[in-house]
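Trainee: I would like to learn how to read a structural model with some care, taking one feature after another. Could we begin with the general idea of each feature and then turn to the case at hand?

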Amino acid sequence: MFSSIFSTSAPVAPDAPNFHPVAHPPSETFGPLEPKDTEWLCAGSFVTETQVFYTIGEDGTFLILQIIHSSVGLWYPTIQFVCKIYNPKTKEITWKSLNVSNFVTPPPGLDKRSSKADEFSVTYKAAPNSDYPESYNIRANLAADLQVSLEVSRPKHVPGWKLGAGEKGGYSYFGVDPSKPEGYVIHRFWPRYYATGHIIRNGAAESIQGAGMFAHAIQGMRPNLVAASWNFAHFQSSQHGGVSALQMEFKTIENYGRKGSGSGGAIVNIGSLVVGDKLVSVTAENRWPDEGPSADAAMKSRAFHLKSQLDPETGYQAPGELTYEWAGMSLLPESPGTYAATLHIDVGNHEHPKGLVEKVDVLAEIPRVIKLAVNYVAGTKPYVYQWLNPAKLMLTAPGGGETAEIEGTLYNEATFIS
């Protein structure tokens, strides 16, 4: 306690920047994943870490498998396994969330890219020099009437990525000194994988195969301090040899910004495009609250809410339509220039929704011990809107040729925290 009294540190100006978003020149956005990037960190203090597998089946079935490792101060970490299965034809949702027992990483004979508990196992496998050099095998026994087995494999020309290369690639830092941050956020992705497996519900087995994406994310501080809102878009198509478009965006709370506390509202957006089962571009864009989006920016990575209306069920201004934009340098030596894409989706409103999977009440789903540690503003109730819809991605390849209309499926989320 006396260290602060006798501190020799220089005083910090109240308007000093206390948020340092991930940023790289347009030619250096792609950071190849190293083996340790997708190892479980399992850090203490207030750190939330997750691995998520999003699969869009050829028959339309949508499957989310998620592992969440949550540390809250000195308490023992909580590990959840979450499974959500959605049938867009029948609108049926199967959802299960378990606090698992005896979580271990690494399991015997494996590295920390694998994990297991009494209720599930996730096994990472490497197959160098093959068409699918990496894969995960996921098995989960979630209840007497629900079991899942899924193998996801990454195509060789669709490498996993983070924003920027090296040990520090991909990090956004909170606090005045980024070398001693108050917190951080990091995302790593496989933007496209192929999945095959089966689901057993009520004793009946059903196969699933399709395409999807994998995300490994870490929030190194209380989640209510990281962001006021999030946007996420995940588009997959079998056309043009396999196409994927993803985006992850967050907006900081007022406490963190370019001029210290009270200057928040900074937007960080990262994304990627896959065409012909090749990663062709990684996009990134940061915007401060006094900056509007530039129409002629060399690189774009943007999400817009349109026709927003008050949703009386949640108290938030929910979008009726959303638009996503990508533009970034080509990663293909044989196709120099810029890849660009846009996607517009109509999700309806609270009275007549289109493709709404669920409005997730966040506080109802997180463990009680975490809920107690996260001091949300009185009356605030975080919600995640989840949608699944047919969609069209408008894609322009380098050279400024004709824009291709690619039909596929979009899963997107809009999260409101404060």
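Mentor: Let us begin with contact, which means heavy atoms within 4.5 Å. Keep in mind throughout that this is a predicted model.

Trainee: With that idea in hand, with which residues is Asn-231 in contact, leaving aside its neighbours within four places in sequence?

Mentor: Asn-231, which is found in strand β15 (residues 229–237), is in contact with Gln-247, Met-248, Glu-249, Ala-303, His-305, Leu-322, Glu-413 and Ala-414, once the neighbours within four places in sequence are left aside. For a separation rather than a contact, take Asn-231 and Thr-283, which are 52 residues apart in sequence and 15 Å apart in space, C-alpha to C-alpha.

Trainee: Is Asn-231 buried or exposed?

Mentor: Buried means under 20% relative accessible area. Asn-231 has a relative accessible area of 8%, and therefore it is buried.

Trainee: How should I read Ala-341 in the same manner, and which residues does it touch?

Mentor: Ala-341 has its place in strand β23 (residues 338–346), and because its relative accessibility is 2%, it counts as buried. Not counting residues up to four places away in sequence, Ala-341 touches Leu-273, Tyr-324, Glu-325, Trp-326, Leu-393, Met-394 and Leu-395. With Met-394 the two kinds of distance can be set side by side, since Ala-341 and Met-394 are 53 residues apart in sequence and 5.3 Å apart in space, C-alpha to C-alpha.

Trainee: Let us turn to aromatic rings; how many aromatic pairs does the count come to?

Mentor: Rings pair if their centres lie within 6.5 Å, and the angle between the planes then gives the kind of pair, with under 30 degrees counted as stacked, over 60 as edge-to-face and the rest as tilted. By this rule the count comes to 26 aromatic pairs. Among them, Phe-19 and Phe-174 have ring centres 4.9 Å apart and planes at 50°, so this pair is tilted. The pair links distant parts of the chain, as Phe-19 lies in strand β1 (residues 19–20) and Phe-174 in strand β12 (residues 172–174), 155 residues apart. Phe-19 counts as buried at 2% relative accessibility, and Phe-174 is buried with a relative accessible area of 0%.

Trainee: What kind of aromatic pair do Phe-174 and Tyr-256 form?

Mentor: That pair is edge-to-face, with 5.2 Å from centre to centre and 85° between the planes of Phe-174 and Tyr-256. This pair, too, links distant parts of the chain, for Tyr-256 sits in the loop between β16 (243–251) and β17 (267–275), 82 residues from Phe-174 in strand β12. Both Phe-174 and Tyr-256 are buried. One aromatic cluster is formed by Phe-19, Phe-174, Trp-230, Phe-250, Tyr-256 and Trp-288.

Trainee: Which residue lies over the face of Phe-46?

Mentor: Arg-222 lies there, at 3.8 Å from the ring centre of Phe-46.

Trainee: How many cavities of 30 Å³ or more does the structure hold, and what lines the second largest cavity?

Mentor: A cavity is a space where a probe fits but cannot get out. The structure holds four cavities of 30 Å³ or more, and the second largest has a volume of about 110 Å³. Its lining consists of 13 residues, of which Ala-318, Pro-319, Gly-348, Asn-349 and His-350 lie nearest the centre of the cavity. At least two residues of that lining are supplied by each of β20 (309–311), β24 (356–361) and β25 (383–396).

Terms used: Residues are numbered from 1 along each chain as its sequence is written. This is a predicted model: local features need pLDDT of at least 70, side-chain atom pairs count only at pLDDT 80 or more; totals for chains, interfaces and linings use all residues. Side-chain values use heavy atoms; hydrogens and water are left out. Helices (H or I, at least four residues) and strands (E, at least two) are DSSP runs, numbered from the N terminus. Buried means under 20% relative accessible area, exposed over 50%, partly exposed in between (1.4 Å probe, protein chains only). Rings of Phe, Tyr and Trp (its six-membered ring) pair if their centres lie within 6.5 Å; planes under 30 degrees apart count as stacked, over 60 as edge-to-face and the rest as tilted. A charge sits over a ring if NZ of Lys or CZ of Arg is within 6 Å of the ring centre and within 35 degrees of the ring normal. On a 1 Å grid over the protein atoms alone, a cavity is a set of points where a 1.4 Å probe fits but cannot get out, and a pocket is an open set with protein on both sides within 12 Å along at least five of seven lines; lining residues have an atom within 4 Å of a point. Grid points are joined across faces, edges and corners, and a volume is the space filled by probe spheres set on the points.
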